[in-house]
Amino acid sequence: MDRERLRAEWERFRALPFPDHPDDPDFDDWLLDFAETDAYYAGLATTALGGGKVDVDKSHIRAAKDELSHIRVITDEDEEILAAARKYVDALEGVVDTL
């Protein structure tokens, strides 16, 4: 693992706010579930950045990204949240891929 690359990916990710809660209930359910995935990988990343050894299961980020790709929204506000969520997931995936 390249710790400098991980640090750069981590900083890029940390600069993004967690997406707002959407009005769409299915999208909101996904976001609530994703919060656990986010916490899991954030914990792994901070452990690795601190010099600890981590065992990474990338299936959670892949599943979250796949599920997000199937979400359809109807309001402009939720569309903006969906775009922010995609950006956030992509940034987290960059961290995970570097672990």
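Reader: In which helix is the place of Leu92?

Author: The model is a predicted one. In it, Leu92 belongs to a helix that spans residues 76–98. That element is helix H4.

Reader: Is Leu92 buried or exposed, and what is its relative accessible area?

Author: The cut-off for buried is a relative accessible area under 20%. Leu92 meets this cut-off and is buried, with a value of 0%.

Reader: What distance separates the C-alpha atoms of Leu92 and Arg12?

Author: Along the chain, Leu92 and Arg12 are 80 residues apart. In space, their C-alpha atoms are separated by 9.0 Å.

Reader: Where does Ala85 lie, and is it buried or exposed?

Author: Ala85 is another residue to consider in helix H4. Its C-alpha atom and that of Lys65, 20 residues away along the chain, are separated by 9.6 Å. With a relative accessibility of 1%, Ala85 counts as buried.

Reader: How many aromatic pairs does a search of the whole structure find?

Author: Rings pair if their centres lie within 6.5 Å. Searching the whole structure on that basis gives a count of 8.

Reader: Is the pair of Phe34 and Tyr88 stacked or edge-to-face?

Author: A pair of aromatic rings is described by the distance of the centres and the angle of the planes. For Phe34 and Tyr88 the centres are 6.0 Å apart and the planes stand at 80°. Planes over 60 degrees apart count as edge-to-face. The pair of Phe34 and Tyr88 is therefore edge-to-face.

Reader: Which helices hold Phe34 and Tyr88?

Author: The pair ties together parts that are 54 residues apart in sequence, because its two members lie in separate helices. Phe34 is in the helix of residues 25–49 and Tyr88 in the helix of residues 76–98. These are helix H2 for Phe34 and helix H4 for Tyr88.

Reader: Are Phe34 and Tyr88 buried or exposed?

Author: Phe34 has a relative accessibility of 2%, and Tyr88 has one of 5%. Since buried means under 20%, Phe34 counts as buried. Tyr88 likewise counts as buried.

Reader: Which residues do ring pairs link into a cluster?

Author: Phe34 and Tyr88 both belong to this cluster. The other members linked by ring pairs are Trp10, Phe13, Phe18, Phe27 and Trp30.

Reader: How far apart are the closest N and O atoms of Glu93 and Arg62?

Author: A search of the whole structure finds 5 salt bridges. One of them joins Glu93 with Arg62. Glu93 lies in helix H4 and Arg62 in helix H3, so the pair ties together parts that are 31 residues apart in sequence. The closest N and O atoms are 2.9 Å apart.

Reader: Is Glu93 buried or partly exposed, and what of Arg62?

Author: Buried means under 20% relative accessible area and exposed over 50%, with partly exposed in between. Glu93, at 13%, is buried. Arg62, at 36%, counts as partly exposed.

Reader: How many residues apart in sequence are the parts tied together by Asp97 and Arg62?

Author: The side chains of Asp97 and Arg62 meet in a salt bridge, with N and O at 2.8 Å. Asp97 lies in helix H4 and Arg62 in helix H3, so the parts tied together are 35 residues apart.

Reader: What is the N to O distance between Glu93 and Lys65?

Author: Glu93 lies in helix H4 and Lys65 in helix H3, so their salt bridge ties together parts that are 28 residues apart in sequence. Lys65 is partly exposed, with a relative accessible area of 32%. The closest N and O atoms of Glu93 and Lys65 are 2.6 Å apart.

Reader: Which residues are linked in a network of salt bridges?

Author: Glu93 forms salt bridges with Arg62 and with Lys65, while Asp97 meets Arg62. The network also takes in a further acidic residue, Asp90. Its members are Arg62, Lys65, Asp90, Glu93 and Asp97.

Reader: Which residues gather in a patch of negative charge on the surface?

Author: One of the members is Glu77, which lies in helix H4. Gathered with Glu77 in the patch are Asp20, Asp23, Asp76, Glu79 and Glu80.

Note on methods. Residues are numbered from 1 along each chain as its sequence is written. This is a predicted model: local features need pLDDT of at least 70, side-chain atom pairs count only at pLDDT 80 or more; totals for chains, interfaces and linings use all residues. Side-chain values use heavy atoms; hydrogens and water are left out. Rings of Phe, Tyr and Trp (its six-membered ring) pair if their centres lie within 6.5 Å; planes under 30 degrees apart count as stacked, over 60 as edge-to-face and the rest as tilted. Helices (H or I, at least four residues) and strands (E, at least two) are DSSP runs, numbered from the N terminus. Buried means under 20% relative accessible area, exposed over 50%, partly exposed in between (1.4 Å probe, protein chains only). A salt bridge is a side-chain nitrogen of Lys or Arg within 4 Å of a carboxyl oxygen of Asp or Glu. Patches are made of residues with over 30% relative accessible area and no salt bridge: like charges are joined within 9 Å, nonpolar side chains (Val, Leu, Ile, Met, Phe, Trp, Tyr) within 5 Å. Accessible areas come from the Shrake-Rupley method with a 1.4 Å probe; for residues, only the protein chains shown count as cover. Lys and Arg count as positive and Asp and Glu as negative; His and the chain ends are not counted. The place of a charge is taken as NZ of Lys, CZ of Arg, CG of Asp or CD of Glu.
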